[in-house]
Amino acid sequence: MAKTQLLMPAMGESIFECTVLNWLIEEGSTVAVDDMILEVATDKIDTEIGATHAGTILKFLVNVGDIVPIGSPICEIEIDGDFVEESPEIAALAEELNKDIVEIKESYTSNGVKDSDRFYSPLVLNIAKEEGISTKELNKIKGTGLEGRVTKNDMLQYVKGGKQFKLKQPSFESGKDTIVEMDRMRQMISHRMIDSRRISAHVTSFIETDMTSLVTWRLRNKDEFFNNTNARLTFTPLLIEAVVTAIKKFPGINVQVDGINIIQKGAINIGLAVALPDGNLIVPVIHNADQLNLKNLAIKCDDLAKRARNNKLKPEELKGGTYTISNIGTFGNIAGTPIIMQPQVAVIAFGAIVKKPAVVETELGDMIAIRQKMIISHSYDHRVIDGSLGGLFVKEVSDNLEKFDLNRKF
């Protein structure tokens with residue numbers, strides 16, 4: 001028999017630490033691989049952690065309420081086989097993350113919203129800080145979570161019903177400057193975006209697409225689809241299908257860069273940018289999207305979007321993306337220049353679908369008709385993707401959408 005340590009696993013992009021909510025087992029318990037042993041909270045999701053080894057849990061190394069860096073030991077376990085040492089890479093990662101966490105915690109405490117005898121997750125503290133809710137006021141909010149814990153939804157309901165909502169950005173007052181401190185999530189996003197612009201040579205190509213056939217088909221089928229599947233048929237799965245088909249034709253888009261090496265990814269995992277009710281953004285991943293038909297893509301998109309907005313995503317659903325899409329049309333935007341999510345090399349944004357007069361070729365000659373038009377913007381890393389590939393790819397996506405078969409079945 002040998003002893004080793006179970007480590008806090010990676011929880012997705014931009015997550016460096018977790019808060020321990022509850023141990024699901026006791027010291028001395030025997031566990032199998034993937035048995036759920038620990039419940040944790042992050043700024044994005046609450047989730048359960050599974051055991052990576054089978055054996056007997058000897059000792060907890062973290063307690064309820066502790067903030068634990070990704071890669072840090074959480075418990076000791078006795079297993080069959082030789083002793084397994086912590087790798088130097090994991091140790092270095094934990095040390096680096098600890099430095100980042102110290103800086104982030106300083107920004108937390110400077111706001112004056114501090115923990116008390118009652119446990120609050122980092123996400124709840126973020127909302128309290130943004131809304132100006134004092135510790136005394138926070139302690140009075142009734143929690144509906146585990147053991148009376150205050151959840152994100154509890155906070156949002158409190159803000160909506162019991163307090164006047166405060167905008168994240170201050171209202172304009174002539175002649176007066178206002179300082180607004182970034183919350184923790186905004187600091188993370190800021191660092192990630194700056195790093196991406198520094199790492200990748202961003203270039204953006206645009207194309208206007210005629211979506212008339214696709215819009216017509218969706219209107220004809222969305223009610224029947226909902227009745228059959230209990231899932232909404234939005235434009236998102238249709239857009240993903242067009243992107244996946246284009247990736248199959250131009251696999252050079254589905255790569256990553258590692259030093260001087262280009263890694264051709266063996267799976268097509270589509271990241272889907274979802275706006276959350278609190279204004280933050282999360283990117284769940286549809287793994288092996290090329291293996292799903294349109295019906296299953298639609299069901300998957302609807303499920304991920306619902307669970308993302310209700311903080312029910314699993315850690316593995318936030319990892320492993322190879323290409324990302326953003327549907328900025330939902331905000332009424334006609335076009336944008338998206339920033340690449342590292343270590344990917346491209347991202348595509350779909351603008352709002354707008355009715356426009358357009359020249360249409362017919363057997364009787366050119367005519368002016370009202371068509372449903374959309375602008376697609378494709379940002380790519382010019383280090384490894386030349387303008388020809390970047391342009392041909394977005395043209396292929398556009399062609400896939402314009403040639404949509406009105407008679408197809410979902």
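Helices here (H or I, at least four residues) and strands (E, at least two) are DSSP runs, numbered from the N terminus. Keep that in mind for the labels below.

**Before you start clicking**

You're looking at a predicted model, where local features need pLDDT of at least 70 and side-chain atom pairs count only at pLDDT 80 or more, while totals for chains, interfaces and linings use all residues. Residues are numbered from 1 along each chain as its sequence is written, and side-chain values use heavy atoms, with hydrogens and water left out.

Show the whole protein chain first: nine helices and 19 strands. Of its 410 residues, 45% count as buried (buried means under 20% relative accessible area, exposed over 50%, partly exposed in between, with a 1.4 Å probe and protein chains only). Contact means heavy atoms within 4.5 Å. Among contacts between residues at least 6 apart in sequence, 65% join residues at least 24 apart.

**Stop 1: helix α6**

Select residues 212–229, which make up α6. The expected span of a helix is 1.5 Å times one less than its number of residues. For the 18 residues of α6 that gives 26 Å, and the end C-alpha atoms sit 25 Å apart, which agrees.

Now put Asn221 in the centre of the view: α6 has a kink of about 45° there. The bend at a residue is the angle between axes fitted to the seven residues ending there and the seven starting there.

Asn221 is also one of the buried residues of α6, along with Thr212, Leu214, Val215, Trp217, Arg218, Phe225 and Thr229. To see what covers them, add β9 (202–210), α7 (236–249), α8 (294–309), β19 (365–381) and α9 (387–402), which are included in that cover.

Step just past the end of α6 and you land on Asn230, with a positive phi of about 60°. Asn230 belongs to the loop between α6 and α7. With a relative accessible area of 54%, Asn230 is exposed.

**Stop 2: Gln372 in β19**

Stay in the neighbourhood by selecting Gln372, which lies in strand β19. Its relative accessible area is 17%, so Gln372 counts as buried. Leaving aside residues up to four places away in sequence, show what Gln372 touches: Thr209, Asp210, Met211, Thr212, Val215, Ile353, Val354 and Lys355. Thr212 and Val215 should look familiar, as both are among the buried residues of α6.

**Stop 3: the largest nonpolar core**

A nonpolar core is a set of buried Ala, Val, Leu, Ile, Met, Phe, Trp, Tyr and Cys residues joined through side-chain atoms within 4.5 Å. The largest one has 51 residues; start with Val243, Ile270, Tyr323, Phe350, Val397 and Leu401, which touch the most other members. At least two residues each come from α6, α7, β12 (270–272), α8, β16 (323–326), β17 (346–350), β19 and α9. The top contributor is α7, with eight residues. Another core, of 23 residues, lies apart from this one, and Ile37, Leu38, Val68 and Cys75 are among its members.

**Stop 4: helix α9 and an aromatic pair**

Next, α9. Its 16 residues reach 22 Å from first C-alpha to last, close to the 22 Å expected at 1.5 Å a residue. Colour its buried residues: Gly390, Phe393, Val394, Glu396, Val397, Ser398, Asp399 and Leu401. These pack against β9, α6, α7, β16, β17 and β19.

The structure holds three aromatic pairs. Rings of Phe, Tyr and Trp (its six-membered ring) pair if their centres lie within 6.5 Å; planes under 30 degrees apart count as stacked, over 60 as edge-to-face and the rest as tilted. Show Tyr323 with Phe393: the ring centres are 5.5 Å apart and the planes at 55°, so the pair is tilted. Tyr323 sits in strand β16 and Phe393 in helix α9, so the pair ties together parts 70 residues apart in sequence. Both Tyr323 and Phe393 are buried.

**Stop 5: a cis peptide bond**

Follow the loop between β16 and β17 to Pro343. The peptide bond from Gln342 to Pro343 is cis, with omega near 5°.

**Stop 6: the four-stranded sheet**

Finish with an open, antiparallel sheet in the order β1-β8-β6-β3. Two strands pair if DSSP finds at least two bridges between them. The edge strands, β1 (2–7) and β3 (30–31), each pair on one side only. Strand β8 (residues 73–79) pairs with β1 over six bridges, and Thr4 has Ile77 of β8 as its bridge partner.

From β3, walk into the loop leading to β4 (36–41) and pick Asp34. Asp34 isn't a glycine, yet has a positive phi of about 75°. Asp34 is exposed, at a relative accessible area of 57%.
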